[in-house]
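Here is a short, friendly briefing to read with the model open beside you. Take the topics in any order you like.

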Amino acid sequence: MPDEMQQRAGVPVLVCDPAGPPVATEQDALDLIGAAFLGAQVVAVPANRFDESFFSLGTRFAGDVMQKFVNYRLRLAVVGDISTQLAQSSALRALVHESNRGGHVWFVPDLDALDERLRAAS
């Protein structure tokens with residue numbers, strides 16, 4: 001499935017293809033942001049599309065990507081199982097916990113959980 005715009009819980013969401021290109025650089029993140037300018041308020045990116053450096057906070061890649069989405073006033077949803085990465089890093093666990101308390105970046109296990117978050121946020 002290619003990346004596609006979907007209405008999820010009444011919100012326009014760019015749902016990214018799990019088999020799409022990796023998000024390994026800031027430019028890759030900007031490409032997703034550019035695609036979202038077709039009307040999306042949220043970009044849902046499968047966790048497996050992110051380079052492992054995203055989950056290693058010492059690289060600062062996750063912070064840079066998340067800040068880009070905030071700057072462009074788009075919400076980012078990282079969708080999928082990241083339990084392996086969470087088990088390896090207390091800093092990542094703290095980031096996920098704090099992000100999920102806010103309204104800009106969410107880490108969710110699946111699209112159904114994203115739908116619940118979107119309904120709760122509206």
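**Around glycine 102 and helix H5**

Glycine 102 sits in the loop that links helix H4 (90–101) to S5. Please keep in mind that this is a predicted model. The points below start from that loop, move to H5, then take up a helix pair and several loop residues.

*Glycine 102*

- With a relative accessibility of 34%, glycine 102 counts as partly exposed, because the partly exposed class runs between 20% and 50%.
- Glycine 102 and leucine 114 are twelve residues apart in sequence, and their C-alpha atoms are 14 Å apart in space.

*Helix H5 and what follows*

- Which residues of helix H5 are buried? In this helix, residues 111–121, they are Ala113, Leu114, Asp115 and Leu118.
- Leucine 114 therefore turns up twice here: it is one of the buried residues of H5, and it is the partner in the 14 Å C-alpha separation from glycine 102.
- The buried residues of H5 pack against five strands, listed here with their residue ranges: S1 (4–8), S2 (11–15), S3 (42–46), S4 (75–79) and S5 (105–108).
- The N-terminal end of H5 is capped by aspartate 110, which places a side-chain oxygen 3.2 Å from the backbone nitrogen of aspartate 112.
- Serine 122 belongs to the segment after H5, and its relative accessible area of 74% makes it exposed.
- Between the C-alpha atoms of serine 122 and cysteine 16 there are 22 Å in space, while the two residues are 106 residues apart in sequence.

*The H1 and H2 pair*

- Two numbers describe a pair of packed helices: the angle between their axes and the distance between those axes.
- For helix H1 (residues 26–36) and helix H2 (residues 61–71), the angle is about 25 degrees and the axes are 10 Å apart.
- H1 and H2 are therefore roughly parallel to each other, since angles under 35 degrees are classed that way.
- The crossing of these two helices, H1 and H2, is right-handed.
- From H1, the residues that take part in the contact are Glu26, Ala29, Leu30, Leu32 and Ile33; from H2, they are Phe61, Asp64, Val65, Lys68 and Phe69.
- By type, the residues of this contact between H1 and H2 comprise seven nonpolar and three charged, with no polar ones.

*The loop between S3 and H2*

- Is arginine 49 buried or exposed? This residue of the loop between S3 and H2 has a relative accessibility of 3%, so it counts as buried.
- Beyond its neighbours within four places in sequence, arginine 49 is in contact with Asp3, Cys16, Asp17, Pro18, Gly20, Pro21, Pro22, Val23 and Leu32.
- Leu32 also appears among the H1 residues that meet H2, and Cys16, another contact of arginine 49, is the residue paired with serine 122 in the 22 Å separation.
- Asparagine 48 is in the loop between S3 and H2, and with a relative accessible area of 58% it is exposed.
- The C-alpha atoms of asparagine 48 and alanine 19 lie 8.7 Å apart in space, with these positions 29 residues apart in sequence numbering.
- Aspartate 51 is found in the loop between S3 and H2, and it is partly exposed at a relative accessible area of 32%.
- A polar contact of 2.7 Å links the side chain of aspartate 51 to that of serine 53.
- Leaving out neighbours within four places in sequence, aspartate 51 is in contact with Val23 and Ala24; Val23 is also listed among the contacts of arginine 49.
- Aspartate 51 and arginine 8 are 43 residues apart along the chain, and 26 Å separates their C-alpha atoms.

*Two arginines with positive phi*

- Most residues other than glycine have a negative phi.
- Arginine 60, in the loop between S3 and H2, is not a glycine and yet has a positive phi of about 70 degrees.
- At 59% relative accessibility, arginine 60 counts as exposed.
- Arginine 73, in the loop between H2 and S4, has a positive phi near 55 degrees, and it too is a residue other than glycine.
- The relative accessibility of arginine 73 is 77%, which counts as exposed.

How values were computed. Residues are numbered from 1 along each chain as its sequence is written. This is a predicted model: local features need pLDDT of at least 70, side-chain atom pairs count only at pLDDT 80 or more; totals for chains, interfaces and linings use all residues. Side-chain values use heavy atoms; hydrogens and water are left out. Buried means under 20% relative accessible area, exposed over 50%, partly exposed in between (1.4 Å probe, protein chains only). Helices (H or I, at least four residues) and strands (E, at least two) are DSSP runs, numbered from the N terminus. Contact means heavy atoms within 4.5 Å. A polar contact is a pair of N or O atoms within 3.5 Å; within protein, one must be able to donate a hydrogen and the other to accept it, and residues adjacent in sequence count only if both atoms are side-chain atoms. Axes are lines fitted to C-alpha atoms, for helices over the stretch in contact, and angles run from 0 to 180 degrees between N-to-C directions. Angles under 35 degrees count as roughly parallel, over 145 as roughly antiparallel, 65 to 115 as roughly perpendicular and the rest as oblique. A crossing is left-handed if the near helix is turned anticlockwise from the far one by less than a right angle, and right-handed if clockwise. Ala, Val, Leu, Ile, Met, Phe, Trp, Tyr, Cys and Pro count as nonpolar, Asp, Glu, Lys and Arg as charged, and the others, Gly among them, as polar.
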